[in-house]
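Biologist: Before I plan anything at the bench, I would like to go through this structure with you, one question at a time. Could you take me through the reasoning behind each answer?

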Amino acid sequence: MTRRDGPSRKADASTGAPARQAPRRAPARDFELEAGSFAHYEDPAYYASSYASRIEDVAYYVALAQRSPGPVLEYGVGNGRIAIPIARHGRNVVGVDHSAPMLADLRARVAREPAEVAARVSAVRGDMRRVRLKRRFPLVLATFNTALHLYVRDDVERFLARVREHLAPGGRFVVDLSMPTIADLARMAGRAYSVPRFRHPTTGLVVKNREYFDYDPLRQVLFVSMEFVPVSDPAAAWITPLAHRQFFPREWEALLHYNGFDVDHVDGDFEGGLLTKDSDVMVWHAKHATRRPKGRP
Ligand SMILES: C[S@@+](CC[C@H](N)C(=O)[O-])C[C@H]1O[C@@H](n2cnc3c(N)ncnc32)[C@H](O)[C@@H]1O
């Protein structure tokens, strides 16, 4: 018996009495993955400056929300990079996120909007695998790689169950995931990939930024370590970890299929282009499955 098997639940052979049930253990916490799903979002000012030029996905989701008949649920709403523009275009958005700093920044940004826009955004702090809002939406989004923080099958299944509960009949679930590329996953662990130095928006210091990549092919998780070295004080360097599960296209399709969704189509960019082998992103559009899951062939 390996340690993972746990104690036997069979009857005690000498007395015939049922063996005592072992207390149910909480699943072991994986601190490396936990850090990889929180740390990058601890500093919303840095997050906002890093992705300020990323605008195509914002326009894509705003257009989707405008075509949708009602309010939007956005998982991984963050500091509202996408939710606030959706609200500016007249749609109500409910966001779910587990990061307190990102949600605090969302509140601050929303407070700077005109009152009618601010009134359209609300957010719930919680885990996307667990939060139950007890209402349904015609459009449910999981934007900008939020789903890459679902590291194991159980995470994905819990999350997709929450999406099913919140998706109105006939509604659309849209999730974008970066496409795993062999070249990216094959980057040498321990080798520094430098990005130009810049003035860090939070500390105000000029920093050298190096990134390290370490892909674990068993867990299919890409660990990224972002190192920031202040030029004036290298000893004050710090590292921010980020962990991204890598979902291959056929794998994600199967996960949707076996968790109650039909794929409507997949875009390969945020201009509505087809998914090709050169696409950097997969934008999956799914709906409630209209068929019952098949049994064994
Ligand atoms: C890449 S950011 C996307 C933020 C925003 N949608 C955007 O496009 O800028 C991913 C977000 O997912 C959130 N997140 C990660 N894991 C989560 C979980 N298990 N439950 C809720 N939110 C989670 C993070 O806190 C972060 O704000």
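Biologist: In what order do the 4 strands of the open sheet lie?

Modeller: This is a predicted model, and the strands of this sheet pair in the antiparallel sense. The edge strands, each of which pairs on one side only, are β6 (193–199) and β9 (238–245). Neighbouring strands are turned against each other by 20° on average, with direction ignored. The order of the open sheet is β6-β7-β8-β9.

Biologist: Starting from β6, how many bridges join this strand to β7?

Modeller: Strand β7 covers residues 206–216 and runs antiparallel to β6. Within this pairing, tyrosine 193 stands opposite glutamate 211 in β7. The hairpin of the two strands has 6 residues between them, and glycine 204 there takes a positive phi near 75°. The number of bridges joining β6 to β7 is 5.

Biologist: Which residue in β8 stands opposite phenylalanine 213?

Modeller: β7 and β8 pair in the antiparallel sense over 10 bridges, and they form a hairpin with 4 residues between them. In this pairing, the residue of β8 that stands opposite phenylalanine 213 is valine 224.

Biologist: Is glutamine 220 buried, partly exposed or exposed?

Modeller: Glutamine 220 is found in the loop between β7 and β8, and its phi is near 55°, a positive value in a residue other than glycine. Most residues other than glycine have a negative phi. To be buried a residue needs 20 or more C-beta neighbours within 10 Å, and to be exposed 12 or fewer. Because glutamine 220 has 17 such neighbours inside 10 Å, it counts as partly exposed.

Biologist: And lysine 134, is that residue buried or exposed?

Modeller: Lysine 134 is found in the loop between β3 (121–125) and β4 (137–142), and it has a positive phi of about 60° although it is not a glycine. The cut-off for an exposed residue is 12 or fewer C-beta neighbours within 10 Å. Because lysine 134 has 6 C-beta neighbours inside 10 Å, it counts as exposed.

Biologist: At about what angle does helix α1 run to β9?

Modeller: Strand β8, residues 221–230, pairs with β9 in the antiparallel sense over 8 bridges, and leucine 222 stands opposite histidine 244 in β9. Helix α1, residues 31–38, lies across both β8 and β9. Its angle to β9 is about 100°.

Biologist: How many charged residues are in the shell around the ligand?

Modeller: The ligand is surrounded by 20 residues, of which the closest are Gly76, Gly78, Ser99, Phe144 and His149. By class, the shell has 7 nonpolar and 9 polar residues. The number of charged residues in the shell is 4.

Biologist: What share of the chain's contacts with a separation of 6 or more comes from residues 24 or more positions apart?

Modeller: The chain has 9 helices and 11 strands, and buried residues make up 28% of its 297 residues. Among contacts with a separation of 6 or more, the share from residues 24 or more positions apart is 62%.

Biologist: Over which residues is the pLDDT below 50?

Modeller: The mean pLDDT of the chain is 90, and 89% of its residues reach 70 or more. One stretch falls below 50, and beyond near neighbours in sequence it has 12 contacts in the model. Where pLDDT is low, the predicted coordinates should not be read in detail. The stretch with pLDDT below 50 is residues 1–16.

Key: Residues are numbered from 1 along each chain as its sequence is written. This is a predicted model: local features need pLDDT of at least 70, side-chain atom pairs count only at pLDDT 80 or more; totals for chains, interfaces and linings use all residues. Two residues are in contact if their C-beta atoms, placed from the backbone, lie within 7 Å. A residue is near a molecule or strand if its C-beta atom, placed from the backbone, lies within 6 Å of it. Ala, Val, Leu, Ile, Met, Phe, Trp, Tyr, Cys and Pro count as nonpolar, Asp, Glu, Lys and Arg as charged, and the others, Gly among them, as polar. Two strands pair if DSSP finds at least two bridges between them. Axes are lines fitted to C-alpha atoms, for helices over the stretch in contact, and angles run from 0 to 180 degrees between N-to-C directions. pLDDT is the predictor's confidence in each residue, from 0 to 100.
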